[in-house]
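Hi,

Here is the structure I promised to pass on. Have a look at it first, and my notes follow underneath.

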Amino acid sequence: QVQLVESGGGLVQAGGSLRLSCAASGRTFSRYFMGWFRQAPGKEREFVARITWSQDNTYYADSVKGRFTISRDNANNMAYLQMNSLKPEDTAVYYCAATQKSSSWRSSGTYDYWGQGTQVTVSS
């Protein structure tokens, strides 16, 4: 099993920045692709970003490309989501997730392990 705990959410003004952290505990963190998803009130959970075993392969949803950066530190079992130029429409609960699958990673059903989520609220 992999256990994930997110932190770093909060209230931020439009145009500001936040960095979300995901602390992982488990047998072999480096085996997993890591993803970030978000869910706004009344909406479905949506894909935000993912990273493979190393930091050289990342993918982003069009809505956050150029503003968000996903990264990981395998030595310390950590994953991150740096969020810049935040907009009110970014307001959501953000979830860290882990999967050993190398495809279909845009789908939340692909991921086996999830954190509890951290609230991000962007005011206008």
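Before the notes, one convention: when I say that two residues touch or are in contact, I mean heavy atoms within 4.5 Å. This is a predicted model, so do keep the cut-offs in mind: local features need pLDDT of at least 70, side-chain atom pairs count only at pLDDT 80 or more, and totals for chains, interfaces and linings use all residues. Numbering runs from 1 along each chain as its sequence is written, and side-chain values use heavy atoms, with hydrogens and water left out.

First, the overall picture. The protein has 0 helices and 11 strands, so the pattern along the sequence reads β-β-β-β-β-β-β-β-β-β-β. Both kinds of element are DSSP runs numbered from the N terminus, with helices being H or I of at least four residues and strands being E of at least two. The radius of gyration is 13 Å, which agrees with the value near 14 Å that a compact globule of 124 residues would have. That radius is taken over C-alpha atoms, and the globule rule is 2.2 Å times the number of residues to the power 0.38. Along the principal axes, the C-alpha atoms fill a box of roughly 40 × 25 × 25 Å.

On burial, 44% of the 124 residues count as buried. The classes go by relative accessible area with a 1.4 Å probe and protein chains only: buried is under 20%, exposed is over 50%, and partly exposed is in between. About 6300 Å² of the protein is exposed, and carbon and sulfur atoms supply 43% of that area; the areas come from the Shrake-Rupley method with a 1.4 Å probe, and for residues only the protein chains shown count as cover. If you take the contacts with a separation of 6 or more, 57% of them come from residues 24 or more positions apart.

Charges, in case you want to set up electrostatics: there are 13 positive and 9 negative ones, and their mean positions are 4 Å apart. Lys and Arg count as positive and Asp and Glu as negative, while His and the chain ends are not counted. Each charge is placed at NZ of Lys, CZ of Arg, CG of Asp or CD of Glu.

Now the strand pairing, where two strands pair if DSSP finds at least two bridges between them. Strand β3 (18-26) is a good place to start. It runs antiparallel to β1 (residues 2-7), with 6 bridges between them, and in that pairing V2 has G26 as its bridge partner. Strand β3 is also joined to β8 by 6 bridges, again antiparallel, and here A23 stands opposite M78. Strand β8 (residues 78-83) in turn has 6 bridges to β7 (residues 68-73), and these two run antiparallel as well. F68 stands opposite M83 in that pair. The β7 and β8 hairpin has 4 residues between the strands, and N77 takes a positive phi near 55° there.

Which other residues have a positive phi without being glycine? One is S85, at about 50°, in the loop between β8 and β9 (92-99). S85 is partly exposed, with a relative accessible area of 40%. Another is S104, with phi near 55°, in the loop between β9 and β10 (113-114). At 52% relative accessible area, S104 counts as exposed.

A few single residues to click on. S30 sits in the loop between β3 and β4 (33-39) and is partly exposed at 33%. Leaving out residues up to four places away in sequence, S30 touches W53, R72 and N74. The C-alpha atoms of S30 and S108 are 20 Å apart, with their positions 78 residues apart along the chain. R72 turns up again with Q55, which lies in the loop between β5 and β6 (58-60): beyond four places in sequence, Q55 is in contact with S71 and R72. From Q55 to A14 the C-alpha distance is 28 Å, at 41 residues apart in sequence.

Last, E46 is in strand β5 (residues 46-51) and counts as partly exposed at 32% relative accessibility. Outside the four-place window, E46 touches F37 and R38. Its C-alpha atom is 9.6 Å from that of Y94, 48 residues away along the chain.

Cheers
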